[in-house]
Structure formats: structure tokens, C-alpha cells
Amino acid sequence: MMASTSFMNFFVFIFAVLSALVSASPIKRDVFVPPITSPTAGTVWTIGSRQNVTWSLDNVPAQITNPKGVIVLAKDGLLIGLDNPLAQDFDITLGRFEITVPVVAPADDYALVLFGDSGNISPNFTITN
Ligand SMILES: *[C@@H]1O[C@H](CO)[C@@H](O)[C@H](O)[C@H]1NC(C)=O
Ligand SMILES: *[C@@H]1O[C@H](CO)[C@@H](O)[C@H](O)[C@H]1NC(C)=O
């Protein structure tokens with residue numbers, strides 16, 4: 001309960017910051033919140049393997065506030081490794097980005113968060129040895 005509450009608070013905070021930035025921008029831009037299409041629930045990734053993180057480009061606005069993406073690992077609903085993202089500075093309109101599965105304790109409650117204009121979390125998936 002506590003964990004997911006603080007996780008939500010974090011998103012509320014990020015959203016507030018981004019909203020402030022968007023409203024400060026002189027050009028009208030739309031927020032792009034791309035749903036992650038891989039990994040999904042049931043995905044099993046092996047430590048050290050290369051994997052594509054993919055997301056939907058169905059609703060890409062003409063003007064994107066922040067076209068640079070960041071992928072961060074989460075566990076048990078909490079962001080881990082915010083200071084050490086799995087990927088960053090890639091073009092979010094690519095729709096996918098290849099990452100190396102990090103060396104972490106094997107568990108089935110990992111998720112990825114894709115940040116661009118806003119944050120979007122994947123379903124929980126498994127990382128194994
Ligand atoms: C990721 O997707 C690209 C394009 O479909 C493909 O060429 C590449 O081999 C994929 N990488 C992995 C690790 O599957
Ligand atoms: C992933 O796991 C966390 C912690 O167990 C839980 O709070 C969260 O709701 C789960 N996410 C999904 C999409 O099931």
C-alpha cells in the first residue's frame with residue numbers, strides 16, 4: 001500500500017512539473033503518453049540479454065514537448081535506478097529501443113517506466129538468471 005502510494009505521488013509530482021513546463025511553453029504542444037507494448041505481463045527476460053522495449057505510436061502528436069525518452073526499471077511498483085536508466089536520450093518516436101537486461105535479483109515484479117512527455121509504466125514482468 002505504502003509503496004504504491006509513494007509511486008503514485010511520484011507520478012503526480014512529475015505530471016505537475018511537466019504540466020508547468022508545458023503551460024510555460026509559448027508553442028501549443030500535446031502530451032504524448034505512449035503505452036508500452038513490450039514487455040507485457042508474462043514476459044520473461046534473462047539477465048544480460050538484449051531486448052526490445054516497444055511502445056505504441058498510435059497517438060503521436062504533431063508537436064511533442066519532449067522527444068527524448070528515458071527507460072527506468074521499477075520493482076514492486078517503485079522506480080529503481082532512476083540515476084542509472086536502462087536507456088536515455090533516444091528518440092521517443094522510434095517506437096522501440098534495445099536495452100540490455102541489467103544484473104538484478106531475479107523476481108517477477110519488475111516493470112519498465114518510459115518517460116518522455118509523461119511517464120508510462122509497463123505491466124509487471126519477470127527477470128531471470
Ligand atoms: C529489435 O527489433 C529490431 C527491429 O524489429 C530487430 O532488428 C532487432 O533484432 C531486435 N532486437 C532484439 C534484441 O530482438
Ligand atoms: C505490479 O506489482 C506491484 C507490486 O506488487 C503492484 O503494486 C502493481 O499493481 C503491479 N502492477 C500491475 C500492472 O499489475
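How many nonpolar, polar and charged residues make up the shell around ligand 1? In this predicted model, the shell divides into no nonpolar residues, 1 polar residue and 3 charged ones. The residues concerned are R50, N52, R96 and E98. Two of them make polar contacts with the ligand through their side chains. For N52, a side-chain N or O atom is 2.3 Å from an oxygen atom of ligand 1. For E98, the corresponding distance is 3.0 Å, and here the ligand atom is a nitrogen. On its own, ligand 1 exposes 360 Å², and 42% of that area is buried by the protein. Two elements each give two or more residues to this shell, namely β3, which spans residues 50–55, and β7, which spans residues 96–100.

The strands behind this site deserve a closer look. Strands β3 and β7 run antiparallel to each other and are joined by 5 bridges. One pair that can be picked out by eye in the structure is V53 with its bridge partner F97 in β7. In general, the strands of a sheet pair through backbone hydrogen bonds, in either a parallel or an antiparallel sense. The two strands belong to an open sheet of 3 strands, ordered β1-β3-β7, with antiparallel pairing. At its edges are β1 (residues 36–38) and β7, each of which pairs on one side only. From one strand to the next, the twist averages 35 degrees.

Two of the residues around ligand 1 also contact each other. E98 and R50 form a salt bridge, in which the closest N and O atoms are 3.1 Å apart. As a general point, side chains of opposite charge can pair when their charged atoms come close. Because E98 lies in strand β7 and R50 in strand β3, this pair ties together parts that are 48 residues apart in sequence. Across the whole structure, the search finds 2 salt bridges. Thus E98 appears twice in this description, once as the salt-bridge partner of R50 and once through its side-chain contact with a nitrogen atom of ligand 1.

Attention now turns to the other ligand. Which residues are around ligand 2? They are D76, G77 and N124. The side chain of N124 places a polar atom 2.4 Å from an oxygen atom of ligand 2. An N or O atom in the side chain of D76 is 3.2 Å from a ligand oxygen. Ligand 2 has 360 Å² of accessible area when taken alone, and the protein covers 42% of it.

D76 is also of interest for its backbone. The residue sits in the loop between β4 (residues 68–75) and β5 (residues 78–80). These two strands form a hairpin with 2 residues between them, and D76 in the turn has a positive phi of about 55 degrees. Pairing between β4 and β5 is antiparallel and extends over 3 bridges. Within this pairing, K75 stands opposite L78 of β5.

Strand β4 has further partners. It is joined to β6 by 4 bridges, again in the antiparallel sense, and V70 has Q88 of β6 as its bridge partner. With β8 (residues 107–115), β4 pairs antiparallel over 6 bridges. There, V72 is matched with V113 of β8.

Two other backbone features can be checked in the model. Most residues other than glycine have a negative phi, and most peptide bonds are trans. D89 is not a glycine, yet its phi is positive, at about 65 degrees. Unlike D76, which is in a loop, D89 is placed in a strand, β6, covering residues 87–91. The peptide bond from S38 to P39 is cis, with omega near 5 degrees. P39 is found in the loop between β1 and β2, the latter spanning residues 44–46.

Key
Residues are numbered from 1 along each chain as its sequence is written. Chains are lettered from A and ligands numbered from 1 in the order in which they are written. This is a predicted model: local features need pLDDT of at least 70, side-chain atom pairs count only at pLDDT 80 or more; totals for chains, interfaces and linings use all residues. Side-chain values use heavy atoms; hydrogens and water are left out. A residue is near a molecule or strand if one of its heavy atoms lies within 4 Å of it. A polar contact is a pair of N or O atoms within 3.5 Å; within protein, one must be able to donate a hydrogen and the other to accept it, and residues adjacent in sequence count only if both atoms are side-chain atoms. Accessible areas come from the Shrake-Rupley method with a 1.4 Å probe; for residues, only the protein chains shown count as cover. Ala, Val, Leu, Ile, Met, Phe, Trp, Tyr, Cys and Pro count as nonpolar, Asp, Glu, Lys and Arg as charged, and the others, Gly among them, as polar. Two strands pair if DSSP finds at least two bridges between them. Axes are lines fitted to C-alpha atoms, for helices over the stretch in contact, and angles run from 0 to 180 degrees between N-to-C directions. A salt bridge is a side-chain nitrogen of Lys or Arg within 4 Å of a carboxyl oxygen of Asp or Glu.
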